[in-house]
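Labels such as "buried" or "salt bridge" are easy to throw around. Let's ask where they come from, one at a time.

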Amino acid sequence: SDYAEYAVDILDLKESSFVIDIGSNDGTCLEFFKKQGMSVLGIDPATKIAELANSRGIETIADFFSFSLAEDIIKEYGQADLITSHNACAHIDDLDGVIAGVSHLLKNDGTFIMEVGYFVDVYENRWFDTIYHEHLDFHTVRPLEKLFSRFNMDIYKVERISPQGGSIRVFVQKKSGPKRIDQSVEELKVIENKLGLHHWQTYEKFENEINNVRDNFQDLIKEIKRKGDRIAGFGAPTKATTLCYHFQLEKNQVDFIVDDNPLKQGLYSPGKHIPVYDSSFIYKEKPNYLVILAWNFA
């Protein structure tokens, strides 16, 4: 709700505006634009979720977004005043195809708002476990500028926001668009350059630091187990699999994991086969230590 009001306010959207969300899920974001009288369209390849959105009155196309789909949408609905994408572009293999479609679908004075995890946060906080099979891209501003420039678009503003442990909200328009380039674009490029994120040696250093954390953590775990104490894990997110493998956590070290998601309860962690229970298991078993695997909710 706050996001929609904010977007409407800074982009001067009207009731006649047309808003599209790429990776729209159940239509929650678009619902707030629709409540303000705007035309909305969701795009999401998950068919059951798209059906749910349609049943809630948020018209949704169950498909992957592409240039050809953009052409079909223009024929049927026209071009968009605002296109949004929240935490979807990190999962996309053919990013060029998506941005080509966005550029084609956007009005000359329209805006594309893309939210993605910010690699500056991953690097500075050593959040390596967010790197796993679903996340194909890890974004910084400087390469994104080049990406959009290839499709006749400019980044005119970037905001750092908190979701996903640290993300950026990137505002993009066509090169002929009306918005002035905000100083935030240059400010974040300066931060990226100071961190050396465009040099491969930086990533060797990143690996060494992660390995040091692993070695220190294993020393701690072994000391706890030597004393006969019990350890449990809190949260079973996807990134916990990356963490458990790199930190070499085994089921003889972590007795069990708890998670509030009923779909995960009664199952086992991938590969390590640590049992997953609901949160009440903590109070029943009373482990001496909890490792917070879902650290972004800590």
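Q: Why is Arg-56 called partly exposed?
A: This is a predicted model, and in it Arg-56 has a relative accessible area of 33%. Buried needs under 20% and exposed needs over 50%, so a value in between earns the label partly exposed.

Q: How do you know that Glu-31 forms a salt bridge with Arg-56?
A: Their closest N and O atoms are 2.7 Å apart. The cut-off is within 4 Å, so the pair counts.

Q: What parts of the chain does the pair of Glu-31 and Arg-56 link?
A: Distant ones: Glu-31 sits in helix α2, while Arg-56 is in the loop between α3 and β3, 25 residues apart.

Q: Is Glu-31 buried or partly exposed, and why?
A: Glu-31 comes out at 21% relative accessibility, so it counts as partly exposed. Buried would take a value under 20%.

Q: What makes Asp-255 and Arg-230 a salt bridge?
A: Here the N to O distance is 3.3 Å, and the rule asks for within 4 Å, so this pair passes too. Asp-255 lies in the loop between α10 and β9, and Arg-230 in the loop between α9 and β8.

Q: What about Glu-250 and Lys-272, whose side chains meet in a salt bridge: which parts does the pair tie together?
A: The N to O distance is 2.9 Å. Glu-250 is in the loop between α10 and β9 and Lys-272 in the loop between β9 and β10, so the pair ties together parts that are 22 residues apart in sequence.

Q: Why is Lys-272 called buried?
A: Lys-272 has a relative accessible area of 10%, and buried means under 20%, so the label fits. Its partner Glu-250, at 32%, counts as partly exposed.

Q: How many salt bridges turn up in the whole structure?
A: The search finds 20. Elsewhere, Glu-115, Lys-157, Glu-159 and Arg-169 are linked in a network of salt bridges.

Q: Why is there no bond between the sulfurs of Cys-29 and Cys-89?
A: The sulfur of Cys-29 is 14 Å from the closest cysteine sulfur, in Cys-89, which is too far for a bond. A disulfide needs sulfur atoms within 2.5 Å, and the count for this structure is zero disulfides.

Q: Are Cys-29 and Cys-244 buried or exposed, and why?
A: Cys-29 has a relative accessible area of 17% and Cys-244 has 6%. Buried means under 20%, so both values qualify as buried.

Note on methods: Residues numbered from 1 in each chain as written. Predicted model: local features only at pLDDT ≥ 70, side-chain atom pairs only at ≥ 80, totals over all residues. Heavy atoms only, no water. Buried < 20%, exposed > 50% of the residue type's maximum accessible area, 1.4 Å probe, protein only. Helix = DSSP H or I, 4+ residues; strand = E, 2+ residues; numbered from the N terminus.
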